[in-house]
Amino acid sequence: MTLEVLSRPGPIPPAAGSILPARRPRRNVLDLDDFSVAEIEAVLDTATAMKDVLRRPIKKVPTLRGKTLVTLFYEASTRTRVGFEVAAKALGADTVSVAAATSSVTKGESLIDTIRTLQALGADFVVMRHHQAGAPYVVAEEVSASVINAGDGWHAHPTQALLDLFTIRERLGRIGGLRVAIVGDILHSRVARSNLWGLTLMGAEVVLCGPPTLLPVASFCEGLPWKVERTYRLDEALDGADVVMLLRMQLERQTGGLFPSLREYVRTYALTEERLARARPGALVMHPGPMNEGVEIDPRVARGAQSVIEAQVTNGVAVRMALLYLLSGLPA
């Protein structure tokens, strides 16, 4: 399905109303594996208009006035949760933040009952993060509110991938034809999975790099629009890369014994200024956060001229504003 706004609940930012074709809207954002190129381009174009809103002295428009967004997080989050809340408030929506650890979940309430309660309280959008892969899909079948996946287990993190695509296009002018190296704990990364779909769909050449035990098997990449390279040699991955996307070691999801030690990982895979020199001049350095400086990335690289890590956070607000705006075509 494609994204489109059928009914607009309030004034919209300039240029944002003429971007989309007149087609049936999408109700949920669960991953990028069912997005088309046109849909992704619509999100990125709308995010450009939303970023203009964020540059204004008063960073608000009343587009979603009267709507309510609820964030429901079963795992810790800073950037994603706050990014959605800032995005919703910038569009005039009300926001409610629910942490599972302080909700009725601790009393045995099921996920579905929790979501139904939130919908009964007036939620139009439910942004959820859950430790179980597939949880947002189950919820989306049970409620009429729009469900946005803010990360489910190892599976997907679509809004992170969209903000990464937006940042790449904003800085380099295109996505198609670029070489993107994704380095780190690929096996446990929902960010890597969603980025694989988005990047290859938009025509980028992707290379996955990490310790052999943290690289997924070839079948992991089956069904992707473009072929993906895999290597456990960092120099090979960095050679000629236009973008270097680093991932942290997700020790909380690992069973242990997947690499000798963090010291060994740093020696072999940490991105230093010397290693970055193998990439193309001006190559972007990206990280979804949180960073473990001194492990997967040297602090000088994290704060260097080629780093767009802080820009990713800023762009995350614009992209999430765009998604909420596009999803608002459905009645409450």
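I started with the surface: the accessible area of the protein comes to about 13900 Å², and 53% of this belongs to carbon and sulfur atoms. A reminder to myself that I am looking at a predicted model.

Next I looked up the overall make-up. I found 11 helices and nine strands in the protein. Of its 332 residues, 56% are buried. I also checked contacts between residues at least 6 apart in sequence, and 74% of them join residues at least 24 apart.

Then I went inside. Nonpolar side chains tend to be buried together in soluble globular proteins, and I wanted to see the cores here. The largest nonpolar core has 63 residues, with Ile182, Leu199, Met321 and Leu324 making the most contacts inside it. Helix H11 is the top contributor to this core, giving 11 residues. Another core lies apart from it, with 24 residues that include Leu214, Leu238, Val244 and Leu271.

I picked Leu199 for a closer look. Leaving out residues up to four places away in sequence, Leu199 touches Leu165, Ile168, Ile175, Val180, Ile182, Ala204 and Val206.

Last stop, a pocket. The second largest one holds about 190 Å³ of space. It is lined by 15 residues, and Arg79, Gly83, Val313, Val317 and Arg320 are the closest to its centre. Which helices each supply at least two residues of this lining? I noted H2 (79–90), H5 (158–172) and H11 (309–327). H11 gives the most to the lining, with six residues. By class, I counted seven nonpolar, six polar and two charged residues in the lining of this second largest pocket.

Definitions and conventions. Residues numbered from 1 in each chain as written. Predicted model: local features only at pLDDT ≥ 70, side-chain atom pairs only at ≥ 80, totals over all residues. Heavy atoms only, no water. 1 Å grid on protein atoms, 1.4 Å probe; cavity = no way out; pocket = protein on both sides within 12 Å on 5 of 7 lines; lining within 4 Å. Points joined across faces, edges and corners; volume = space filled by probe spheres on them. Helix = DSSP H or I, 4+ residues; strand = E, 2+ residues; numbered from the N terminus. Nonpolar A, V, L, I, M, F, W, Y, C, P; charged D, E, K, R; others polar. Core = buried A, V, L, I, M, F, W, Y, C linked by side-chain atoms within 4.5 Å. Buried < 20%, exposed > 50% of the residue type's maximum accessible area, 1.4 Å probe, protein only. Contact = heavy atoms within 4.5 Å. Areas by Shrake-Rupley, 256 points an atom, 1.4 Å probe, with all protein chains shown as cover.
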